[in-house]
Structure formats: C-alpha cells, structure tokens
Protein chains: 2
Amino acid sequence: MSTEFMILAPIAGLIALLFAFYLIRRITKMEPGNERMQEIAEAIHSGAMAFLKRQYKTLVIFILVIVVIISIIGLFTSGEGSLKWETAVAFAIGACCSILAGNIGMRIATKANVRTANAAHTSGLNRALNCAFSGGAVMGMSVVGLGLLGLGIVVLIFNNDSSIINGFSFGASSVALFGRVGGGIYTKAADVGADLVGKVEAGIPEDDPRNPAVVADNVGDNVGDVAGMGSDLFESYVGSVVAAIALGASLGIGANGEGVLAPLLVAAIGIIASIIGTFFVSAKEGGDPQKSLNKGNITATILAIIGTFVVTKLILPDTFEVMGIDGSTTVTYTNIGVFIASVAGLLVGFLIGNVTEYYTSAKYKPVKKIAASCETGTATNIITGVATGMASTAIPIILVAVGIWASYHFAGLYGIAMAAVGMLSTTGMVVAVDAYGPISDNAGGIAEMSKLPPEVRTITDQLDSVGNTTAAIGKGFAIGSAALTALALFTAYTQAVGISIINILEPDVVIGLFIGGMLPFFFCSMTMQSVGRAAGHMIEEVRRQFREIAGLMEGKAKADYARCVDISCQAALKEMVAPSLLAVLVPLLVGLLLGPACLGGVLCGTLVTGFLLAIFLANSGGAWDNAKKYIEEGNYGGKGSPAHAAAVNGDTVGDPFKDTSGPSLNILIKLMTIISLVFAPLFI
Amino acid sequence: MSTEFMILAPIAGLIALLFAFYLIRRITKMEPGNERMQEIAEAIHSGAMAFLKRQYKTLVIFILVIVVIISIIGLFTSGEGSLKWETAVAFAIGACCSILAGNIGMRIATKANVRTANAAHTSGLNRALNCAFSGGAVMGMSVVGLGLLGLGIVVLIFNNDSSIINGFSFGASSVALFGRVGGGIYTKAADVGADLVGKVEAGIPEDDPRNPAVVADNVGDNVGDVAGMGSDLFESYVGSVVAAIALGASLGIGANGEGVLAPLLVAAIGIIASIIGTFFVSAKEGGDPQKSLNKGNITATILAIIGTFVVTKLILPDTFEVMGIDGSTTVTYTNIGVFIASVAGLLVGFLIGNVTEYYTSAKYKPVKKIAASCETGTATNIITGVATGMASTAIPIILVAVGIWASYHFAGLYGIAMAAVGMLSTTGMVVAVDAYGPISDNAGGIAEMSKLPPEVRTITDQLDSVGNTTAAIGKGFAIGSAALTALALFTAYTQAVGISIINILEPDVVIGLFIGGMLPFFFCSMTMQSVGRAAGHMIEEVRRQFREIAGLMEGKAKADYARCVDISCQAALKEMVAPSLLAVLVPLLVGLLLGPACLGGVLCGTLVTGFLLAIFLANSGGAWDNAKKYIEEGNYGGKGSPAHAAAVNGDTVGDPFKDTSGPSLNILIKLMTIISLVFAPLFI
C-alpha cells in the first residue's frame, strides 16, 4: 500500500473545517435575542476577545523566541547532535493552528451562548440544545480540522521527516501552556475576585451586572472550559499522531511508510465519524439532553472503530516485524494487533471518563458521602473530599495499565502510540460535547442577567446540569489522553535518543524519577498560589471601581468590565511565567547536563505523579462542586444551612484544584516530553 | 580484619539497654507529685497499657500466621525458589524486639510525664527538662538497644545468612505497621472524638476530666508520638543495617565478611555516641531547652562521624572491587568512600529535618503566610496549606537525590545502604529528642488537669513548644530515613532476585511504576476515611456515657475512661486491616503473578510517590497546626476571631494528614520492600 493516500489526512481536516463553517453560518443566522441580552453577550464576547488579544501579545514573543532558538541551532550546527531549522517552521505552523482553533472556538462559543438563551426562550429545549451543541461542535471541528490539516501539510511538505514534524506538536504544546496554565489562573482569579468582593463585601448576588468582575467571570468560563480545554485536547490529538508517526518511522513499520500513514488515516476516519455523530444529537421537547449527547458520542465511537478496522486492515501489512526492546530479537505483529491497540485506547478513554463521572456526580455514592460529611463541618468535608480524590486514582491507573499492556502486547511500542491515536480519534466529538457545557452555562447566566422568564432558566438549567456531567467526563478524558500521549511521546523520545534501556537501578535514573516525581507537586503549588495572587489584583480593581465610579452600586453608572478583564488577564500571564519556565527548562537542563537516561527518569516520574495528581485534584474539586449543588437542591438543610456553608468552603478549595492546577498538569506532562523529543538530538 | 568483632554489635545494644535501665531507675525514683496528679497519670498509663494489650492480641495472631506461612514454605520446599524456615525465627525475634522496645518506651513515657510536671512544680526548668528528656531517652535507647542486640544475635546465630537475617527486619516492619497505622488511626480517632463531643456538643474545655475521651486523647499522644514513632524508626534502623548486610554479602565486600561487619559496627558506634550525647542535654534556669537539646544532638552527630571514620577505616579494606551494575566491569571503591557515603546519609537526615522545621514552624515565612491567609477564610487557608505542603517536597527530594548520587558515586550500591545506616546511626538520640515532646505535652496536660499553679504551666509550655519543633524535625527525619532505608532494601531486593536491569521501557515496568505510584494515594485515602469511621465509634461511646452515667456532667460521677480507650482501640485495629492487607498482598501478588521486574517497578513507584505524599501531608498538617498556634498567640485577631476559626479548620484537616496518613506511608514504603526482599526466592 503506497503513501499516496497521505493527502486524505489534510482533506479530512478540510472537511472538518468546512463543516465548522457550515455550523457557524447556522449559529450566526439564529436570533440573538433582545437588546439587553445582546448587550451582555457583547460584553462577554469582547471580554473573551480582549483576553485572547492580550494573550497573543505574550504568546507571539514566546513563539518567536523559540523559533529563533531552534533556527539558530539548526542553521549554525550540523550533523548528529543538531536540530533542523525546518523544525522551527513546523513549530510555528503548529502554534498558529492551535491559536486559530482556539480563536474560532471562543468566537463562536460567545455567540452561541446568547442564541442558546434566546432559543430556549422562543423555541424550547431542542433548539436550545442544538444551538449550544453546534457551538461546541465548532470548537471540536476547529480542533481536529486545523490539527489534521496543519499536521498533514507539514508531513507532506517535510516528507515524513519526524524530527521536523515533532515541531508541530511542540507548537501545539506551547499554545496549550498559555491556554491551560494562563487560562486556568485567569478563570479562577476572576471567579474568586468576583465572588469575594461582590458576594461577600458588597453583598450583591452572583451574576449581578453591577459587579465589575461579572463579565470577567463569564469570560473565564469560556477561557478555561472552551479555549483551555480545546488547546489541551489539540495538543493531545496532535501529539498522539506525531508520536505514532515518529515511532512508525523509527521502527520502520511497512516498507513504504505505512506506519506513518496509518495514524493519519485513523485520525481522518475519526473526523468523519465525529461529523456523522453530530447529526444524531437532537432531543424531543421534554426529552433528556444527556441521552441525545450520548447517542451522538456512541455513534461516533462505533463508526470510528469500524473505520479504524478498515484503515489498519487496508493500509498496514498483514504482518510486520519490529525490533524488540532488547535490541537483538525481532517480534512479529499483525495489522489486527494494531487495530486492537487502537480500540484499547478508545475504550480506556471512554471508561476513564465514566469513572470520573462516578466520582464527581451527585448521582453516586462518593459525592453523596461528601455531602453528608458537610454536616459535621468544613474540616470533615475537606478530608472526605481529599480521600475521595485520592481513591479515585485507582481505577484510571489500572485502566491505563491494562491499556498499555494490551496495546504493547498486540502491537509493541507502536501499539502504545496507536492506542493514544485511537483514544483521540473522536476528539472532534469529545470537544463538541465538552464545550457545549460552558455555552449552556453562559446561556443560563445571560437569561438570569437579562431577566428572561423562569421557564427559560429551567431549560438552560437542564442543559447546564447535563453540561456538568459532560465536563466531568471531558476532564477525565483529557487527563487520560494526556497520559497516554505523553507515554507515546516518551517512547518516541527514547527512540530519538537511541536508548533501549532506562535502568531504574542506575542512580541517575532513580534520581531522575525522584526529581521528576516531585515536579508536579511543585508545579501545582506554584499554580495554586498564582491564583491567589492574581485574584488579589482583581479584588483591588473591583474595590477601586466601587469606590471611584459614582452611582455604580445604585445601578446608575456602568462598570468598566473591560478593565477587569484586562487586569486579571495581565496578572494571569505574569503568574504563568514561573511555572512555564519550570516546564520548559527542566527537561532541557536535565537533558544537557545529566544526560538522556536521567531525563528519561525525570519524564517517567513526572508522568506518573502528574497523572495521579491531575486525577486527584480534578476529582476532588469536581466532587466538592457537586456536593455543594446537591446540598443546594435541599439536602442536609439546603442553602443557608451550616452544611451548605461547609460545602461552599469545599467548593472554593476545589476551584483551583479542578480548574487550574489539575488541568495544568496535563500540559506539564506533555510539554516536558515533547520538548525532550524535539531537542533530543542535543542530548545524545 | 576478621569478623570476631561481630560480637561488639550486640554488646553495644546491651550497653544501650543498661543505660536505659539506669535512666528508668532515675525516673522512677523521682516524686510523682500529689494524689490528683498521680490519679490522672495512672489513668493515662493504664490506658496506654490497655491499648498495647489490645494491640498485642491482634499482633500475636498476625505474627503467628506469618511464622507458620514462612515455616511451611521453608520446610516443605527446597532449592532455589524456597524460603528458609529459620527466616520465621528471625522474623519472630525482630517482632518481639520491636514490641518490647515500644512497651518499655510507652511504660516509661507515661511515668515520666507526671514526674516532669512535678519537677516543673518543685524544682524548675532544668529538672523538668531532664526528666522529660530522660523519658524520651529510654525510648531511644530501647529502640537502638533492642534493635542492635536482637539483630546482632540473629546475625551470630545464623552465621551471616542474609536471607534469614532479612526476616528480622520484616518482623520489625510488621510491628511498625500496627504501631504507625493502627496507632495513627487510634490517636486521631480519640482526638476528634474527644473534641467533637466534648468541646462542640457538651461545651466543656479541652483536657476536662469530665470528658470520657480525655484519657484516650492523652493516651493517643503516647501511642502516636512515642510508640508509633519508635516502631517506625526501629524499622528504619534495623532495615538500613539489614540492607547493608545483605548488600555487603551479595556484593562480596571484603574477603572475610567485612562488608557485613561494617554497618553493624557503625550502628554500634552510633549508640555510644548517642549515650554520650545525652549527657550534654541540660539547661540552666531561664535557659533555652532547644539549645541544650541541640547540644546533645550535635555532640552525638560529631562523635558518630568520628566513630564511623574509625570503623570504616579499620574494618574495611583500603580498596575493594565490586561488580558494576552492567554486570561485566568491576569498579574499585575505597573505605574512605564508604565513610563519605555514611556521612552523606547523616547530613541528608539532618538537613531534611531542618527543612521540615522551616516549612512547619511559625518562626518562618511559610507558616506566617498560611496564618495570614486565614484572614480571608477557611478555603484560602486550606489552599495555602496544600500549596505549602506541595512546595515543601522540593528540597527534601533534591537532598535525597544528592545523597543517592554521592553515596553511589563514592561507594556504589553498598554506599546507598551505608548512607541509610549513617543517617540512622544516631537514632538513639533522634528518638530521645523526639519522644521528649509528647512527654512534655502530657506533663502540661497533667498540670492543667490537676490545677497546678500557672508558673508550672509556663515551664511545661516552654518545654512543649520546643517539643513541637523537635517533633517536626523528627517527622522529617523519619520520612527521609524511610525513603533511604526503602531504597537500600530495594537495592538488596534486586540483588536477591538477581536482576541487574529494571528497564522503564518494558511495559511491565511502566505498568508497575503506575500502579506502585498509585498505591500511596489509595492507601492514604483508606487511612483518612478510617479515622472518620473510628472517630464515629468513639463519639457514640462518649455520648452514651454522658447520657447514661448520672452526675457525670456535674463532676459527681467518674467517666469510664478505659472503655473509651478500648472502643477506639478496637475500631482502630479493625480499620487497619484493609490498608495492611494492601501493603502485604500487593508485593506478594505482583511478585508471584507479574514477576520480579514488574514488582521492581511497583516498589520504585510506591517509593517515589509515597515519599512525596508523606512530606506533603506531614508538612501541610504541621504548618496548619502551627499557623493556628501563631494566631492563638494573638496574631490576626487571636483566639475567637474569624481567622482563628479558619485556622482551626485547617488544623483539623491537618490532623489525619500529619498524624495518620502521612506517617503510615513511611511504613508502606518500607514494608512493601522488605516483604519483596524476604519473599524474593519465590519470585525468581
């Protein structure tokens, strides 16, 4: 099977983008509601765009610095221990594709929110669901479309040279760093700032337009859950394919680069499956939106499995030989083995998402137990939440372990990368379902602020509550995919530096494991404290506006929303410098000073504890959030009871856990690995 | 140098015990104070003994089961893949020595507390310090005395056969499991139970004799901080020497077993150094007890360093060759190299202790920052505490990394074990200083309950506040020593199963790392929840007594202290079953089913995350505790302020962190490794 089919990958990307534009047209044609609604929506929209603009200013400098560094090393050195200048080009393209995907997604999400509210007002549940989901699908299709189009073009231009292609993934990681770490700090700084001054000091309710930070808070939802999540999964998506390409090439799978082609086509098939899946999402009035989202998701998954079978069967040779890890004997694998590996990844992603839901949804025992523990106060709530989060690491780890075992058993190291590709093949659908959540959430906020009738709020609440479930599943999926992608990139790294043994018994490696294991703890500590400091700036600004803008509290003057957005954005970007430097410099310094084996230990240590901490933090935070909501529904005394006060404390603790530090770890583990992979030639 | 000097080890152990008996005589001769004081002290004493008795009932069964299992395997199988029945004998001796050390230590600590209070009353600071420190020194001398006497005898009887000697360490670990995990659950269940019903429901102050749980709470301090800590360090002490013996034998260091002799004699020298050190502990009236404890500690450390130099120089050959990890080339080391490795360990232990103090003492920035964060409420206090605990992992990890590097560089794998031996050589002194804390704490409680004049409380408070510092240092030391001991045992394990490569790139090993890394999280979750459940039983019993014993609240009837002790003891022992089974069964099952390399991955993963989590939990908990005390001193509004309420919540969250889950991890990492080492023949 020759590689002329390579062109199918960018074509599938293009199809995804065309579908996204079709959805965009459909959304923009919908009515944006009354003047008040439009005004609020415009404030959120322009706030989100202001955030992006501010972020780009820093991001561009960051990208240029990296481009210059790689180019200089590439141009002025040569031979084994050198980078190629073309890697810088791939890096820039990767970064631009991710930026563009985030920009489109945010732009449309902040248009879809108000239209969802209006659809709930004028047409009912189904139209509203459709609008919110379409908004999410634009983000999903932009991610996979630009991901595969960009990557496909880079592969074609640079003729399968994986040392160059890796740059694309590095570019995606850099943007994800800003999206997740910067965005994560921003969203919680805005949230805490809005709550502390608004609710506590000024005594005005949530989502009150008099609060200058209220728009920043709504912008934060988009920044964190739309753009942040999108950039994270863009990184995983691209990273998994890049790792499989690198391993397909270095292991020499297939005589004509079939090992490079297969992951691209599995991804392409996944796009088509996701597009078809979106058509299955629709609810009857009075129906359950969750069920219709599930229908779409399951359709996409089944189609992806079938498509993967066809692709692997047609593209890959029936059997192929790969050099074993020992470096002396060869092992024979089959194309069916690769198919099984891909499906294993897909299943692991699906199951991890569901485990996350179990631990964070009020429908199940863990959250109910946390809610019950609120009756004995804040401390027991915190302890139970921490214990729940820690316990929730067990099943995902075992699932990943089984996934690693199965994919390796059936298809070797290549199988591990193909498991990641398989897991991420339906990313388009996953992101769509996930980004649907914040859009519904925003719609509810707009309905509230513009005083639409209560039955509208009932519909948006229904959509929002489903959104919480999908967000939980999405978070679990994001963590699982980050781990598997990082593992695949790590495998590619070891091939790139030509190591076949990283021996734990070597003290270098043990030291690497210890230091690598510590980094996620230290990184989390930094990001948690950043939220506090960034929130401090926001609080000052809100207090200043209340003090200086006459008539603001009486509703006669308008708050300066944009300034709040800008200030907390600046603070977030400043705060992300230190943790980012940690993530970027540690692999470079360890690789250069202590060598590739020690770096292997570091990467592995970071991967293990990063994955564990990410699950722990995300699930503790999610469980506290839903325990609070469960109490607010009237359990254990409901709103205003002592149990509720305890639950609010838990929820506040959980905020930076689940929305800043936890998700940032996804980036840490991937970014450190991709940097090691890209700069591998320097470490040999 | 022949091995006739082997006898010096048990002799040093015997000297330690004789010194302990001398101290015991001195303490028991002191006046125990007035009738009221004696009555309270007797209640604590008999409560502590009741706890031990109850614990022994379960412990004996546990020990018998293990003895039978090992004996059966040993008697009915033979050859390579078999255990020796003699290992069961060593196991039983090890367990008995640890039990005896704990019994003596607890017995005397609960006699020294009341005498410390009385000395503070009648003679002032110096006598009181002397009494409390002597009480601690009895525990310290019992630990090292019985450790080295028992181990020395086992080594002599079984003629250096390390596969048998390992059993001794396993016995010590089993007792530590009960001491730390069971004891840790007990102490916090009693604490929470006493506080919740006493302070919150009945509205009576802390340490009020009407509270039926008050004695259990005081017993808990002894159980956790005297017996628990003692059994933990007994395990590390013995484990480090056993690991060095095993490596000295398997690496064939010295022609006549000098490699086996050296760690025994370094330990022996450490005992003598510790005994001399104790004579330097004395304070003038108005002096600083901290300084006098430091004087003793530093004296012991310097003497140990000098002694270690002499021992290594005299015993070990000037140069010796060891097979490198690659299994083909030999590396030459010197006896000076072994000395450097030992001192590296000693320094790492010392420095980790000091880092712990930095992060948990109100004298420094981190705790001050946590206290400040209490002003904005409980949630910010929790977040800042968690962030501080996570940040505090960095320096200890780097210290351990440097220690590993230095000891390996100068003396190979043997050096890593000798670093652990060096670190633990002054265990006698470390335990003495550490156990001094709870004795002073108890003395304060007794002074309070028996209404001694306030100047007595001033003295005991001064002693107690120093005790907090020494406890923090001791905790850091215990974690560091657990990590280094586990690493040494792990190295011995790999030698025992004959593996020279544990390759991270093998999926078995990666899976092992993931699962091993997860275990500490899961284990912590279990122990945290156990505290809650055990406290529940205690709360029920206290409520029952208030309800059923007429005149209790009015002070006319006596509470049934013993029943409270017994009930929470039973609950704690029941609760420790599940986490213990996890610690015992996982290495056995992984070793038998997935093989020694995968088990190597598991052990390494558990070691890394266990160490990290232990530091995180201990330091977060310690920092919250001292932030609360700092506020109680009058900062940020002092007692009764909103900041104080927030600080109390943080302290309560920190209780199971620092006193149950954190310290239990020390046991987990050591126990899993020693089990792997003992049962290694079955896994080959």
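# Why these labels? A predicted two-chain model

Me: In this predicted model, what makes the contact between the side chains of A:Asp232 and A:Arg180 a salt bridge?
Reply: The side chains of A:Asp232 and A:Arg180 come to 2.9 Å, N to O. The cut-off is within 4 Å, between a side-chain nitrogen of Lys or Arg and a carboxyl oxygen of Asp or Glu. The pair therefore counts as a salt bridge.

Me: Why say that this pair links distant parts of the chain?
Reply: A:Asp232 is in helix H6 (residues 214-250) of chain A. A:Arg180 is in helix H5 (residues 162-202) of chain A. The two residues are 52 residues apart.

Me: How many salt bridges are there over all chains, and how many between chain A and chain B?
Reply: The structure holds 47 over all chains. Between chain A and chain B the count is zero.

Me: What do chain A and chain B share, then, in contacts and buried area?
Reply: 59 residues of chain A touch 60 residues of chain B. Together the chains bury about 5400 Å². Of that area, 85% is on carbon and sulfur atoms. In chain A, the residues that lose the most area to chain B are A:Leu505, A:Phe514 and A:Phe521. Together they make up 15% of what that side buries.

Me: Why are the two copies described as related by a two-fold rotation axis?
Reply: A rotation of 180° superposes chain A on chain B, with 0.0 Å of shift along the axis and an RMSD of 0.0 Å. The two copies are thus related as by a two-fold rotation axis. The same surface serves both copies, as 100% of the contact residues of chain A recur in chain B.

Me: Which residue of chain A comes closest to the rotation axis?
Reply: A:Asn503 does, with its C-alpha at 2.3 Å.

Me: Why are H6(B) and H7(B) called roughly antiparallel?
Reply: Helix H6 (residues 214-250) and helix H7 (residues 258-278) of chain B pack at about 155°. Angles over 145 degrees count as roughly antiparallel, so H6(B) and H7(B) earn the term. Their axes are 6 Å apart.

Me: What makes up the contact of H6(B) with H7(B)?
Reply: Its residues divide into ten nonpolar, two polar and no charged. Those in H6(B) include B:Tyr237, B:Val241 and B:Ile245. Those in H7(B) include B:Pro263, B:Leu264 and B:Ile271.

Me: Where does B:Ala362 lie, and what does it touch?
Reply: B:Ala362 sits in the loop between helix H9 (335-360) and helix H10 (365-373) of chain B. Leaving out residues up to four places away in sequence, B:Ala362 touches B:Val367, B:Lys368, B:Asn626 and B:Tyr630.

Terms used: Residues are numbered from 1 along each chain as its sequence is written. Chains are lettered from A and ligands numbered from 1 in the order in which they are written. This is a predicted model: local features need pLDDT of at least 70, side-chain atom pairs count only at pLDDT 80 or more; totals for chains, interfaces and linings use all residues. Side-chain values use heavy atoms; hydrogens and water are left out. Axes are lines fitted to C-alpha atoms, for helices over the stretch in contact, and angles run from 0 to 180 degrees between N-to-C directions. Helices (H or I, at least four residues) and strands (E, at least two) are DSSP runs, numbered from the N terminus. Angles under 35 degrees count as roughly parallel, over 145 as roughly antiparallel, 65 to 115 as roughly perpendicular and the rest as oblique. Contact means heavy atoms within 4.5 Å. Ala, Val, Leu, Ile, Met, Phe, Trp, Tyr, Cys and Pro count as nonpolar, Asp, Glu, Lys and Arg as charged, and the others, Gly among them, as polar. Copies are superposed by least squares on the C-alpha atoms of residues with pLDDT of at least 70 in both. Buried area is the accessible area (1.4 Å probe) that two parts lose on being put together, summed over both.
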